[in-house]
Amino acid sequence: WGPIGHRTTGAIAENHLNEKAQAAVRDLLGPETLAEAATWPDDMRSNPDPFWQKTANPWHYVTVPHGKSYEAVGAPDRGDAITALEQFSRTVTDESAPLADRQLALRFIVHIIGDLHQPLHVGNGTDRGGNDVKLKWFGKDSNLHSVWDSGLIDFEKLSYSELSAWLDSKITPEQVAQWSNADPDIWMVESAALRDRIYPESGDLSWTYRYENVPHVKKRLSMGGIRIASYLNALFQ
Ligand code: ADE
Ligand code: ZN
Ligand code: ZN
């Protein structure tokens, strides 16, 4: 996701933390909100340090070829979003680790769970998560990945606070119960299933694609927020 998507998932998550997770997040981040923390790993992409230029890049996505499961394929040697999520989960709960490392870990956890809910961050391994699918979006040169990271969201013309408040107001207690889990395998299966249905027939996308897909975007952002909260609630229990 782009900045509005990530902040939206972070802001929704903030509203669904239990008391223990709220306290743990406050101890680690102080006044920094989960909405702010959520965009940190992307904000740092302009940092010339090789950690941000190379090492951290593969941590934003996974590859699950069509018809395969993540478990069957596994992670590449350079790591991926799942190996990063596992490592950062160990660091954030390690009370002997330096505070700066634990803060970084928490920011990445929030960001990675958000990204795993963007269907094209569970790539099929053929087109860099849709980055290579060049197309026009309302007449401008774009690509499928970018349409899903930000194109569809930006067209709503809402700030992240407006979007998160709107989406959260429509999440029912039944949905919270149904969606709450700390199991990335489930999130990846959902994303891959949606991914396989969003490749467009034409290379010229506008209103029709938007009407058909904005509901999916809203649902994935809502689910991402609930899952960030579930994951942190489980981690800090
Ligand atoms: N590069 C390769 N695969 C990718 C994906 N699924 N998302 C973002 N960047 C990628
Ligand atoms: Zn992306
Ligand atoms: Zn990312």
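1. A residue counts as exposed if 12 or fewer other C-beta atoms lie within 10 Å of its own, and as buried if there are 20 or more. Lys-157 has 8 such neighbours within 10 Å and is therefore exposed. Lys-157 belongs to the loop between H8 and H9, and its phi is near 55 degrees, a positive value in a residue other than glycine. Most residues other than glycine have a negative phi. The model is a predicted one, and the points below should be read as a description of that model.

2. Leu-158 shares the setting of the previous point: the loop between H8 and helix H9 (160-170). Leu-158 has 16 C-beta neighbours inside 10 Å, so it counts as partly exposed. In sequence, Leu-158 and Ile-4 are 154 residues apart, yet their C-alpha atoms are 8.7 Å apart in space.

3. On the sheet: three strands form an open sheet in the order S4-S3-S5, and the pairing is mixed. Strand S4 (140-143) and strand S5 (204-205) are the edge strands, each pairing on one side only. In general, strands of a sheet pair through backbone hydrogen bonds, in either the parallel or the antiparallel sense.

4. S3 and S4 run antiparallel and are joined by four bridges. In this pair, Lys-136 stands opposite Asp-141 in S4. The two strands make a hairpin with two residues between them, and Phe-138 in the turn has a positive phi of about 50 degrees.

5. The pairing of strand S3 (residues 134-137) with S5 is parallel and rests on two bridges. Here Trp-137 is placed opposite Leu-205 in S5. Ser-202 sits in the loop between helix H11 (184-195) and S5. Ser-202 is exposed because it has 10 other C-beta atoms within 10 Å. Its C-alpha atom is separated by 8.3 Å from that of Leu-135, although the two residues are 67 apart along the chain.

6. Helix H8 (residues 144-154) lies across S3, S4 and S5. The helix runs at about 95 degrees to S4.

7. Which residues surround ligand 1? They are His-60, Tyr-61, Leu-120, His-121, Gly-123, Arg-128, Gly-129 and Asn-131. By class, this shell has two nonpolar, five polar and one charged residues.

8. Arg-128, one of the residues around ligand 1, deserves a separate comment. Arg-128 is in the loop between strand S2 (122-123) and S3. Its phi is near 50 degrees, again a positive value in a residue other than glycine. Is Arg-128 buried, exposed or partly exposed? With 15 other C-beta atoms within 10 Å, Arg-128 is partly exposed.

9. The largest nonpolar core has 54 residues. Those with the most contacts inside this core are Leu-34, Ala-81, Phe-108, Ile-109, Val-110 and Ile-112. Apart from its neighbours within four places in sequence, Ile-112 is in contact with Trp-59, Ala-81, Ala-84 and Leu-85.

10. Helix H3 (residues 34-43) has as its buried residues Leu-34, Ala-35, Ala-37, Ala-38, Thr-39 and Pro-41. These buried residues pack against helix H1 (3-14), helix H2 (19-29), helix H7 (99-116) and H9. Leu-34, listed here as buried, is also among the residues with the most contacts inside the largest nonpolar core.

Notes. Residues are numbered from 1 along each chain as its sequence is written. Chains are lettered from A and ligands numbered from 1 in the order in which they are written. This is a predicted model: local features need pLDDT of at least 70, side-chain atom pairs count only at pLDDT 80 or more; totals for chains, interfaces and linings use all residues. A nonpolar core is a set of buried Ala, Val, Leu, Ile, Met, Phe, Trp, Tyr and Cys residues joined through C-beta atoms within 7 Å. Two residues are in contact if their C-beta atoms, placed from the backbone, lie within 7 Å. A residue is near a molecule or strand if its C-beta atom, placed from the backbone, lies within 6 Å of it. Ala, Val, Leu, Ile, Met, Phe, Trp, Tyr, Cys and Pro count as nonpolar, Asp, Glu, Lys and Arg as charged, and the others, Gly among them, as polar. Two strands pair if DSSP finds at least two bridges between them. Axes are lines fitted to C-alpha atoms, for helices over the stretch in contact, and angles run from 0 to 180 degrees between N-to-C directions.
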